[in-house]
Amino acid sequence: MQQVLKVLPWVVVVVAVCAVVAGIAQGSAGALGALFGGGLVCVFFSSSPLALGPITKVSPHLSLLVAMMFFLTKVVALLALFTVLADSDLAGDRLDPKSLAGTVIVATLAWTFFQIRAAKRQRLPMYDLGNDAP
């Protein structure tokens with residue numbers, strides 16, 4: 001959860017910049033598309049630690065299986081959401097698809113970058129040298 005709190009503010013800034021750029025280029029539909037895409041990325045990536053945190057404390061050996069099942073569920077849900085958005089007039093005039101897609105890509109790359117940056121600065125020991133260490 002601490003990683004999410006370190007990454008989320010930076011990604012929100014990136015999404016805000018994308019929304020401003022999309023708003024200038026495409027109008028209000030572009031800004032709304034960018035905000036919707038950025039919100040999707042933030043929910044997609046921040047839901048994993050929230051859902052998997054309690055499971056890893058209770059049963060660490062099942063955490064990988066549950067993580068893979070949760071990821072597959074999220075991918076299927078995103079596929080269904082994008083299919084509904086693409087096939088219906090639900091968001092036709094309100095969301096610009098290019099702004100939404102561009103923001104999803106940029107926000108995903110930003111989340112990945114800031115996640116790696118936060119993990120590098122966390123300073124967790126990865127192994128124990130034992131008693132025979134020099």
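Let's start at a single residue: Asp96 is buried, with a relative accessible area of 13%, which places Asp96 below the 20% cut-off for that label. This is a predicted model, and Asp96 makes a handy entry point to it. Asp96 lies in the loop between α3 and α4. What does Asp96 touch, leaving out residues up to four places away in sequence? The list is Gln26, Ala29, Gly30 and Gly33. Asp96 can also be paired with Ala22: 74 residues separate the two along the chain, yet their C-alpha atoms are 8.8 Å apart.

Now step back to the whole chain. How many helices and strands does the protein have? There are 4 helices and 0 strands, so the order of elements from the N terminus reads α-α-α-α. Of the 134 residues, 29% count as buried. The accessible surface comes to about 9,300 Å², and carbon and sulfur atoms account for 72% of that surface. If you look at contacts between residues at least 6 apart in sequence, 74% of them join residues at least 24 apart.

Next, follow α2, which covers residues 28–58. At 1.5 Å a residue, its 31 residues should span 45 Å, and the end C-alpha atoms are 46 Å apart, which agrees. Along the way, α2 bends by about 35° at Leu52. A proline, Pro54, follows Leu52 within four residues.

From there, move on to α4, residues 97–122. The same kind of check works here: the 26 residues of α4 should span 38 Å, and the distance of 37 Å between the end C-alpha atoms agrees with that. Which residues of α4 are buried? They are Ser99, Leu100, Thr103, Val104, Ala107, Ala110, Trp111, Phe114 and Ala118. A little helix geometry helps in reading such a list: an α-helix has 3.6 residues a turn, so residues three or four places apart point the same way. The cover over the buried residues of α4 includes α1, α2 and α3.

Several of those α4 residues reappear in the protein's interior. In soluble globular proteins, nonpolar side chains tend to be buried together. Here, the largest nonpolar core has 16 residues, and those with the most contacts inside it are Val7, Val11, Val14, Ala107, Trp111 and Phe114. The elements that give two or more residues to this core are α1, α2 and α4. Of these, α4 gives the most, with 7 residues. To see one part of this packing up close, select Phe114: aside from neighbours within four places in sequence, Phe114 is in contact with Val7, Trp10 and Val14.

Toward the end of α4 you will find Gln122, which belongs to that helix. Is Gln122 buried or partly exposed? Its relative accessible area of 30% makes Gln122 partly exposed, because that label covers values between 20% and 50%. Gln122 and Gln3 are 119 residues apart in sequence, but 9.0 Å apart in space, C-alpha to C-alpha. After α4 comes Arg123, which has a positive phi, near 65°.

Finally, a word on cysteines. Cys18 counts as buried at 15% relative accessibility, and Cys42 is buried too, with a relative accessible area of 12%. How many disulfides does a search of the whole structure find? The search finds 0.

Terms used: Residues numbered from 1 in each chain as written. Predicted model: local features only at pLDDT ≥ 70, side-chain atom pairs only at ≥ 80, totals over all residues. Heavy atoms only, no water. Core = buried A, V, L, I, M, F, W, Y, C linked by side-chain atoms within 4.5 Å. Buried < 20%, exposed > 50% of the residue type's maximum accessible area, 1.4 Å probe, protein only. Contact = heavy atoms within 4.5 Å. Expected span 1.5 Å × (residues − 1). Bend = angle between axes of the 7 residues up to and from the residue. Areas by Shrake-Rupley, 256 points an atom, 1.4 Å probe, with all protein chains shown as cover. Disulfide = S-S within 2.5 Å.
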